[in-house]
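Thank you all for making the time this morning. I would like to walk you slowly through one structure, beginning with the whole chain and then turning to two places in it.

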Amino acid sequence: EELEKVRSLDNTYEGIKEREDKIKLEQSSIHNEVLELSNNLEKVFSNKKFEAAESICNKLIDLDSANSKKWNLKLSDIRNDKKHFAELQARWNNLQSDIKTAQWDENYLRMSELCKEALLIEQKNNEILELLANAENKAREQTIKSIIYEAKALIEIGDYDKCNDFFNSLK
């Protein structure tokens with residue numbers, strides 16, 4: 001607009017065309033840089049590289065002042081996702097530790113519950129799926145052994161009625 005005002009005052013147009021071309025070239029350069037940064041932002045963000053995403057977003061805020069509100073909102077989203085991811089990662093690490101402890105303690109029911117919870121975070125984790133199958137098999141074995149021991153104890157003391165009641169309760 002200001003160049004248009006100058007053009008209306010100066011009929012010779014000297015330097016105005018050159019300045020217009022320079023401004024257009026600079027705007028084009030900035031536009032291309034914004035596009036490149038925007039594409040890079042999406043790549044690093046989708047790969048959960050939150051520090052790099054924040055850095056790129058800050059550059060976009062400085063470079064693309066016309067859309068600073070958009071980039072500030074994106075920066076806020078990145079920070080929220082970063083926080084959520086850190087919490088999820090901490091929960092995952094705790095679950096891994098708790099699963100190992102339950103396995104060591106041979107508490108297979110607890111191990112099974114923990115594996116199911118871990119699979120809510122990472123559905124296709126083959127290691128956890130394998131641990132879950134193992135825990136469920138071991139828990140069934142423990143349950144069967146417990147039933148057998150209880151039945152044996154009732155038989156050993158000669159309480160056949162309680163033993164019969166016990167087996168009927170299992171049905």
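What you see is a predicted model, and its chain contains seven helices and zero strands, so that reading along the sequence gives the pattern α-α-α-α-α-α-α. Of the 171 residues in the chain, 26% count as buried, and the accessible surface comes to about 12900 Å², with 50% of that surface belonging to carbon and sulfur atoms. If we take the contacts with a separation of 6 or more, residues 24 or more positions apart account for 39% of them.

Let me turn to the first place, which is helix H5. This helix runs over residues 108-121, and its 14 residues reach 20 Å from the first C-alpha to the last, close to the 20 Å expected at 1.5 Å a residue. Which residues of H5 are buried? They are Tyr 108, Met 111, Ser 112, Leu 114, Cys 115, Ala 118 and Leu 119, and because they cover an arc of only 165° around the axis, they lie on the same side of H5. On the other side of the helix, Leu 109, Glu 113 and Leu 120 are exposed. The cover over the buried residues of H5 includes helix H4, residues 68-104, and helix H6, residues 126-156.

Ser 112 serves as one example from this helix. Its relative accessibility is 8%, which is why Ser 112 counts as buried, and, leaving aside its neighbours within four places in sequence, Ser 112 is in contact with Leu 132, Ala 135 and Glu 136.

The second place concerns aromatic rings, and a search of the whole structure finds two aromatic pairs. In one of them, Phe 45 and Phe 50 meet edge-to-face, with 6.1 Å from centre to centre and 80° between the planes, and both Phe 45 and Phe 50 are buried. In the pair of Phe 50 and Phe 85, the centres are 5.7 Å apart and the planes stand at 50°, so this pair is tilted. Because Phe 50 lies in helix H3, residues 50-63, while Phe 85 lies in helix H4, the pair ties together parts that are 35 residues apart in sequence.

Phe 50 is buried, with a relative accessible area of 8%, whereas Phe 85, at 29%, is partly exposed. Phe 45, Phe 50 and Phe 85 together form one aromatic cluster, and the charged end of Lys 74 sits over the ring of Phe 45, 4.5 Å from the centre of that ring.

Methods:
Residues numbered from 1 in each chain as written. Predicted model: local features only at pLDDT ≥ 70, side-chain atom pairs only at ≥ 80, totals over all residues. Heavy atoms only, no water. Helix = DSSP H or I, 4+ residues; strand = E, 2+ residues; numbered from the N terminus. Expected span 1.5 Å × (residues − 1). Buried < 20%, exposed > 50% of the residue type's maximum accessible area, 1.4 Å probe, protein only. Arc of directions from axis to C-beta. Contact = heavy atoms within 4.5 Å. Areas by Shrake-Rupley, 256 points an atom, 1.4 Å probe, with all protein chains shown as cover. Phe/Tyr/Trp six-rings, centres within 6.5 Å; stacked < 30°, edge-to-face > 60°. Lys NZ or Arg CZ within 6 Å of the ring centre and 35° of its normal.
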